[in-house]
Amino acid sequence: MASTRTTLRTHWVALRAMLVFTLVLGVAYTALVTAIGQLALPARANGSLVHDAAGEVVGSSLIGQSFADASGAPLPGWFQPRPSAAGDGYDGGASSGSNLGPENPDLVSAIGERRSRVAAADGVSPDAVPADALTASGSGLDPHISPEYARRQVARVAEVRGLPEAEVAKLVDAHVQGRDLGYLGDETVNVLELNLALAALVGD
Amino acid sequence: MAALLAVAQAATLALVLGLLYRPLGDYMARIYTSDRDLKVERGLYRLIGVDPRGEQSWPAYLRGVLAFSLVGLLLVYALQRMQAVLPYSLGLPAVPEGLAFNTAASFVANTNWQSYSPELTMGYTVQLAGLAVQNFVSAAVGIAIAVALVRGFARRGSATIGNFWVDLVRGAFRLLLPLSIVGAIVLVVGGVVQNFNGFTEVSTLAGGTQQLPGGPVASQEVIKLLGTNGGGFFNANSAHPFENPTAWTNLFEVVLMLAIPFALPRTFGRMVGSNRQGYAILAVMATLYVVSLVTLSALEAAGNGTAPQLAGAAMEGKEARFGIFGSTLFGTTSTLTSTGAVNSMHDSFTALGGMMPMLNMMLGEVAPGGVGSGLYGMLVLAVIAVFIAGLLVGRTPEYLGKKIGPREIKLASLYILVTPTLVLAGTALSFAIPGVREDVEHVSIWNPGVHGMSEVLYAFTSASNNNGSAFAGLTANTPWLNTALGVAMLLGRFVPIVFVLALAGSLAAQRKVPETAGTLPTYKPQFVGLLVGVTVLITALTYFPVLTLGPLAEGLS
C-alpha cells in the first residue's frame with residue numbers, strides 16, 4: 001500500500017495539474033475560439049440575427065419564433081411554425097421537447113386537436129395536414145417547417161393578406177431550402193425568413 | 001428515396017471515418033509511445049512536479065487517476081457552489097448541494113448526465129472553467145486507461161504500464177486541444193454561437209418578445225462530442241439550433257463523436273505490432289454499429305405506436321432540418337459511444353425505437369464506445385471471448401501472446417458485472433424503497449404506464465454506463481435520483497477502471513507465450529463473429545427480463 005506521504009504528494013500533483021488544465025483548456029482555449037469567432041465570423045458567432053426592412057433585429061434565422069397573439073392563438077396572416085414545448089412556445093430561455101411518449105394519452109389527444117384546428121384554419125382536409133404541423137420539435141425552437149406544410153398554408157395567408165394565391169405560392173417556392181450538399185437532411189422552409197419576405201411584400 | 005438518401009449519408013460517414021482511421025490511429029500511437037516531450041510539456045511537468053520518464057506500476061497509475069478525478073470532482077462542485085460570486089454567471093445563484101454533487105460526478109465520470117436545465121442553472125464561468133475542462137480531461141483519462149491496457153498486451157515481463165500524467169497531458173494537449181480548435185471554428189461557420197452576450201431580448205415579427213441565448217457554445221460543443229461527453233450547453237442539447245444548426249453540422253457532429261473511438265483500434269494494432277488485430281476489433285465495432293443504426297432507423301421510419309400513427313410520422317421530438325435519419329444516426333452514435341448528446345428526444349421515440357438507445361448502452365458502449373472506454377471495454381470482452389473459445393473448441397486461452405489465466409478471467413468477469421449490477425439495483429431500489437417509490441412515481445416520472453418505468457431504467461442504464469442521455473421527461477433533480485445516479489456514475493466509471501488497470505498490470509508482467517497450433521487466430525473473421533456473439537449474448541442474458549417490463553411491453557402490446 002502507498003504511504004500517506006505518497007498519497008498526499010499524488011493529490012498535490014493532481015491539484016496543480018487541474019489548475020493548469022483549467023487555465024489552458026477552460027480560459028485560454030475559450031478566449032482563443034471566441035476571438036477567432038468574433039473577428040472572422042461575427043454575424044454567426046453572435047447568433048445569425050435577422051433584421052426587418054427598418055433595420056430592427058427581429059430574431060435569429062436559426063431560432064424559430066411564435067406567430068401567435070398574446071393569448072397563444074395563431075395569427076392567420078402569418079405562416080405558422082410547428083407546435084413548441086419550449087416554455088409557453090418558442091421561449092428562447094427554455095429550450096425543450098415535450099418528452100411525451102408514443103402512447104401518452106396527452107400526446108394522442110394533442111395531435112388530434114391540432115389536426116382538426118390546423119385543418120379548419122387552413123381550409124384543408126384533416127388527412128392533408130403533414131406530421132410536422134402536429135408534432136413538437138426536440139428543441140422547441142425549430143425554425144423550419146416542411147415545404148408541404150408551408151404550401152398548405154398558402155391559401156389562408158393569401159386570403160387574410162388580400163394577396164393573389166399564386167404570388168404567395170411563389171414566395172413559398174422561393175424559400176424552400178434544399179438538402180445540404182443536395183442529400184443531407186430534409187427539405188425545409190424557414191418560417192421567420194418566409195414571413196419576413198411576406199412582410200416586405202405587403203409593406204407590413 | 002428516403003432510404004437512398006440515408007444510405008448516401010451513412011456512406012459519407014463511413015468514407016470520412018475510413019479516411020481518418022490510419023492517420024489518426026497512427027498519430028495517437030505516436031503520441032502514446034514517443035519518448036520525446038515538447039518543450040512546453042517539459043515546463044508543465046516541472047510546474048506540476050512530475051518526472052515524465054518515471055514509469056508507474058498499475059497501482060501507482062491508478063492512484064494518479066483517482067487523485068486527479070477526486071480533485072476534479074471537488075473543483076467542479078466548488079465552482080457551482082460559488083456561482084453567485086463568479087463573473088459571467090448571468091445573475092444565476094449557487095447550484096444547490098445535491099444537484100452540484102450530481103453534476104460534478106457526472107462531468108468527472110465522462111457521463112454528462114444533466115439533472116438541470118442549463119439555461120436556467122449554469123452561468124458561463126461554471127460551463128467553461130468547470131464543465132468544459134472536465135470534458136477535455138475526463139476524455140484524456142479514458143484514452144489513458146485504454147492505452148495502459150494496450151501496453152499490458154504489448155509489454156513483456158514489465159512491472160510498469162506507463163506514466164499517467166504523461167498520458168493525460170499528451171492526450172489533452174496533443175490530441176484533443178488542436179482538434180477542438182479546428183472543430184470549433186467549423187461549427188461557428190455552421191452557425192454555432194460563440195460569444196459572451198448573455199440573453200438578448202428581441203421584438204419578434206409578430207409583435208411579441210423573445211429571449212435569444214448566447215454563450216461560448218462552439219468551444220464547448222466540439223469537445224462535448226469529440227470527448228464523447230455529451231453535456232449540452234442548452235437544455236435541448238444538440239437539438240438546439242445554436243448547438244447544431246444544419247444538416248451538415250449534424251453529420252459533422254456525428255463524425256466528431258466517432259473519430260477517436262473508431263481510430264483507436266488502429267492505435268491498438270500499432271502498439272501491439274499487428275495492424276490486423278486492430279482491423280478485427282474495428283470489424284466487431286462496425287458490425288454492431290451498422291446493425292443498431294439500421295434497426296433504429298427502420299423502427300422510426302415505420303413509426304409504430306398510437307401517437308406516431310396518428311401524426312403520420314414519428315416526428316415528435318425531432319427537428320425538421322435533420323429528418324428521421326439525421327435523428328436516428330445521431331441517436332445511435334451518441335448511445336453506442338458514451339456521448340449521450342441528443343439531437344432528438346429519445347423519450348418520444350417509438351416504443352421499440354426507444355429501446356435501441358437503451359440496448360446500445362447495455363452493450364457496454366463498445367461499438368465503438370467512448371474515447372478510450374470503448375476500446376478497453378471491447379478488449380475485456382475479447383478476453384472473455386478467447387476464454388469461451390478455449391472452453392468450446394479446446395484452444396489455449398491466450399490473446400496477443402498473453403495467457404488468459406484465472407486472474408485475468410476474474411478481473412474481466414468483475415468488470416462485466418459492475419454496470420449491470422448498478423443498473424438493475426438502481427432501478428429496482430427506485431421502486432422498492434418506501435418513500436422513494438412514491439417520490440419516483442409522482443415527482444420524477446413524466447409519462448404514465450410502462451413508459452414511466454422505462455424512464456427510470458433508461459436513467460440508471462445511462463448513468464452506470466457513463467452515457468448521459470435520458471428519457472428526458474424524467475425529473476431527475478430530486479434528492480434520491482441526484483444521489484443514486486451520482487453514485488452510479490462514479491462507481492460505473494471508476495470501479496471498472498480499477499479492474500482494467502489491474503488487468504493491464506497482470507498482462508504486462510507476463511512473458512510472451514509462443515504461438516502454437518492450438519492458438520486461436522484473433523484476427524480472422526471467425527473471431528470477429530465470436531466476439532460479436534459474446535457481446536450480444538452477455539447483454540441479452542443480463543437485460544432481457546427488465547426490458548420486457550418496459551419498452552418490450554410497450555412496443556409489443
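Okay, B:Arg151 in this predicted model: buried or exposed? B:Arg151 comes out at 7% relative accessibility, and because the cut-off for buried is under 20%, B:Arg151 counts as buried. Its salt-bridge partner is B:Asp167, with the closest N and O atoms 2.9 Å apart. The two sit in distant parts of the chain, B:Arg151 in helix H6 of chain B and B:Asp167 in helix H7, 16 residues apart. And B:Asp167 is buried as well, with a relative accessible area of 3%.

Now step along to B:Arg155. This arginine is in the loop between helix H6 (124-154) and helix H7 (164-190) of chain B. B:Arg155 forms a salt bridge with B:Glu55, and there the closest N and O atoms are 2.8 Å apart. B:Glu55 is in another loop, the one between helix H2 (39-48) and helix H3 (58-81), which puts the partners 100 residues apart. What about exposure here? B:Arg155 has 21% relative accessibility, so it counts as partly exposed. B:Glu55, at 41%, also counts as partly exposed.

Next, the spot I'd like you to zoom in on: B:Lys224. You'll find this lysine in helix H8 of chain B, residues 217-226. B:Lys224 has 0% relative accessibility, so it counts as buried. Which acid does the lysine pair with? That would be B:Glu243, with a salt bridge of 2.6 Å from N to O. B:Glu243 lies 19 residues away, in the loop between H8 and H9. Its relative accessible area is 0% too, so B:Glu243 is buried.

The lysine has another side-chain partner. A polar contact of 2.8 Å joins B:Lys224 to the side chain of B:Ser238. If you leave aside neighbours within four places in sequence, the contacts of B:Lys224 include B:Asn135, B:Asn229, B:Gly230, B:Gly231 and B:Gly232. B:Thr339 and B:Ala341 are also among them.

While we're in that loop between H8 and helix H9 (247-271), have a look at B:Thr228. B:Thr228 is not a glycine, and still its phi is positive, about 45°. B:Thr228 counts as buried, with 0% relative accessibility.

There's a similar story at B:Asn112. Its phi is near 65°, again a positive value in a residue other than glycine. B:Asn112 is in the loop between helix H4 (97-108) and helix H5 (118-121) of chain B, and at 1% relative accessibility it counts as buried.

One more backbone item in chain B. Where is the cis peptide bond? Look from B:Ala367 to B:Pro368, where omega is near 5°. B:Pro368 belongs to the loop between helix H13 (351-362) and helix H14 (373-393).

To round off the charged pairs: the whole structure has 17 salt bridges over all chains. So how many run between chain A and chain B? Zero.

That takes us to the interface. In this model 89 residues of chain A are in contact with 101 residues of chain B. The buried area between them is about 7600 Å², with carbon and sulfur atoms giving 67% of it. Three residues, A:Met18, A:Tyr29 and A:Asn99, supply 10% of the area that chain A buries against chain B, more than any other three. On the polar side, we have 39 residue pairs in polar contact between the chains, counting pairs with both residues at pLDDT 80 or more.

Which elements of chain A do the touching? Helix H1 (4-40), helix H2 (42-45), strand S2 (57-60), helix H3 (105-122) and helix H7 (191-202) each supply at least two residues. H1(A) has the largest share, with 26 residues. By type, the side of chain A that touches chain B divides into 42 nonpolar, 36 polar and eleven charged residues.

For a close-up from that side, try A:Ala131. This alanine is in the loop between H3 and strand S3 (144-145) of chain A. Across in chain B, A:Ala131 touches B:Ala311, B:Gly312, B:Ala313 and B:Met315. With a relative accessible area of 13%, A:Ala131 is buried. Within its own chain, A:Ala131 and A:Ser146 are 15 residues apart in sequence and 9.0 Å apart in space, C-alpha to C-alpha.

Last thing, confidence. The model scores ipTM 0.97 and pTM 0.97. For chain B the mean pLDDT is 97, and 100% of its residues reach 70 or more.

How values were computed. Residues numbered from 1 in each chain as written. Chains lettered and ligands numbered in written order. Heavy atoms only, no water. Contact = heavy atoms within 4.5 Å. Buried area = accessible area lost by both parts, 1.4 Å probe. Salt bridge = Lys/Arg side-chain N within 4 Å of Asp/Glu carboxyl O. Polar contact = N/O pair within 3.5 Å; in protein donor to acceptor, adjacent residues only side chain to side chain. Helix = DSSP H or I, 4+ residues; strand = E, 2+ residues; numbered from the N terminus. Nonpolar A, V, L, I, M, F, W, Y, C, P; charged D, E, K, R; others polar. pLDDT = per-residue confidence, 0-100. Buried < 20%, exposed > 50% of the residue type's maximum accessible area, 1.4 Å probe, protein only.
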